[in-house]
Amino acid sequence: MTEIAGGEVLAGTVDEGEKKDKDIKIPLDFKRIKSFLGEDIDASKAVSILESLGFQTISKNKEKAEFLIPHWRLDVSVEADLLEEVARIYGYENIPSTLPKGALPEYEKNETIEISKKIREVMTALGFFEVYSYSFTSKEKASLYRKDTNPIAIANPLNQEQEYMRTDLLSSMLEIISKNKDYKSGKTQGLYEIANVYSKKNETPKLSGLIYGGEKETSLKYVKGTIDVLFEKLGINSSAYKKDKEDSARIFVSQKEIGGLVILNDEELKRFKIKSKGVCFFELDLSTLSGLDTDSVFHSIPKFPGSERDLTFVVEEKVTVAGIYEIISRVKSGIRIKAEVIEIYRGKGLPENKKSVSVRFIYQAKDRTLIDKEVDDDQFEIIKKTKDVLGGILRGEGS
């Protein structure tokens, strides 16, 4: 400044203003050394370590000491910081590993979390891929499945495509398919997601799944088979499907509506640039599922042999599998332990608007070997009820 700018050097120094940095003083309770570090380090040893690091001892007695923190140690502000400094210099390797002591907190079971774990195991075993997607979407896509709902608008959206909270997961899954370059038409594949959907009243956890890649009928069978297996693994036995519209149905468990499924039309698929024709979406309410009584019931291994019979009914196309199950359930039997639809056939050899439904029955008694007449009587009653109520006849039998 003197040589170049013509300045003049004055004698002495001038200090203007108040000192902003205040001295930091931190007390250290010697009892905390053992409880915090898990090692009984002598108090004098701890003080010596801190002083060697530049911490000045202001006061000291048998129980505690107070230290002035050096101005360069901006990372030290509480007692725990002093204890960590002691441990660092003392050596972490010199502090023995011990198990924590104390009462364990009581476990509070969350039914929704528990059932979500089971669902993930089943869906993965069935070949589905789990996906994660944003809860934000556009107004047009927020209610693709629930078209009669009003989505919640977000106060500060990230962009125009994320202005609303979704009321279902359908649009999210369709976008994932449209961006997935690896899927091949004709190969049936499945996705699923467990996430919340939102309304103005609440947020609800849902299991949503999507089958794509094959024909419509194949995708529908895949979805129904998936749901049936899932319910079986969850211990749910009383499920039913009720047709809602042409390509949709509602799903019931113990007479409670628990979800639904829909086969998507070509317009919706074109909107997402999806070429696959058979795209079927389903949704289940996890809150309702977790509230169902699904306790497992264990039975002893049967001592007596069982009997297996198959019946194939020819019914009108409008007759549902659920309707056939309902007729079977009306015929009370103490020996019939299972009735399961094993095949549905349409085509050559059957009249127009007719289909054949094959049902496999399993009979067994706990205390004896069954005789043919017992099984025949039950079969006769089922055939009669099916004919009277549904108009169904045995295949190969005249009308």
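**How the helices and the small sheet pack**

In this predicted model, helix 11 and helix 12 are oblique to each other. Here's where that comes from: the axes of helix 11 (residues 321–330) and helix 12 (residues 372–390) cross at roughly 130°. An angle counts as roughly perpendicular from 65 to 115 degrees and as roughly antiparallel over 145, with oblique covering the rest, so the pair ends up in the oblique group. The two axes come within 9 Å, and the crossing of helix 11 with helix 12 is right-handed. On the helix 11 side, the residues that meet helix 12 are Gly323, Ile324, Ile327, Ile328 and Arg330. Helix 12 brings Ile382, Lys385, Thr386, Val389 and Leu390 to the contact. Sorted by type, the residues of this contact between helix 11 and helix 12 come out as 6 nonpolar, 2 polar and 2 charged.

Next up is the pair made by helix 5 (residues 111–125) and helix 8 (residues 216–233), which pack at an angle of about 135°. The axes of helix 5 and helix 8 are 10 Å apart. With that angle, helix 5 and helix 8 are therefore oblique to each other, and they cross in a right-handed way. Helix 5 puts Ile119, Val122 and Met123 into the contact, while helix 8 supplies Thr226, Val229, Leu230 and Lys233. Between helix 5 and helix 8, the contact residues split into 5 nonpolar, 1 polar and 1 charged.

Now for the strands. In a sheet, strands pair through backbone hydrogen bonds, either parallel or antiparallel. An open sheet of 3 strands in this model has antiparallel pairing, and its strand order is 1-3-2. Strand 1 (25–29) and strand 2 (56–60) sit at the edges, each pairing on one side only. On average, neighbouring strands of this sheet are turned by 30° against each other, if direction is ignored. Zooming in on one pair, strand 2 and strand 3 (residues 64–68) are joined in the antiparallel sense over 4 bridges. Thr57, for instance, has Phe67 in strand 3 as its bridge partner.

The sheet has helices packed on it, too. Helix 4 (residues 79–90) packs on the sheet and touches strand 1 and strand 3. The direction of helix 4 makes about 65° with that of strand 1. Helix 3 (residues 43–52) lies across strand 1, strand 2 and strand 3, and helix 3 runs at about 145° to strand 2.

Technical notes: Residues numbered from 1 in each chain as written. Predicted model: local features only at pLDDT ≥ 70, side-chain atom pairs only at ≥ 80, totals over all residues. Heavy atoms only, no water. Axes fitted to C-alpha atoms, helices over the stretch in contact; angles between N-to-C directions. Helix = DSSP H or I, 4+ residues; strand = E, 2+ residues; numbered from the N terminus. Parallel < 35°, antiparallel > 145°, perpendicular 65-115°, else oblique. Left-handed = near helix turned anticlockwise from the far one by under 90°. Contact = heavy atoms within 4.5 Å. Nonpolar A, V, L, I, M, F, W, Y, C, P; charged D, E, K, R; others polar. Pairing = 2+ DSSP bridges.
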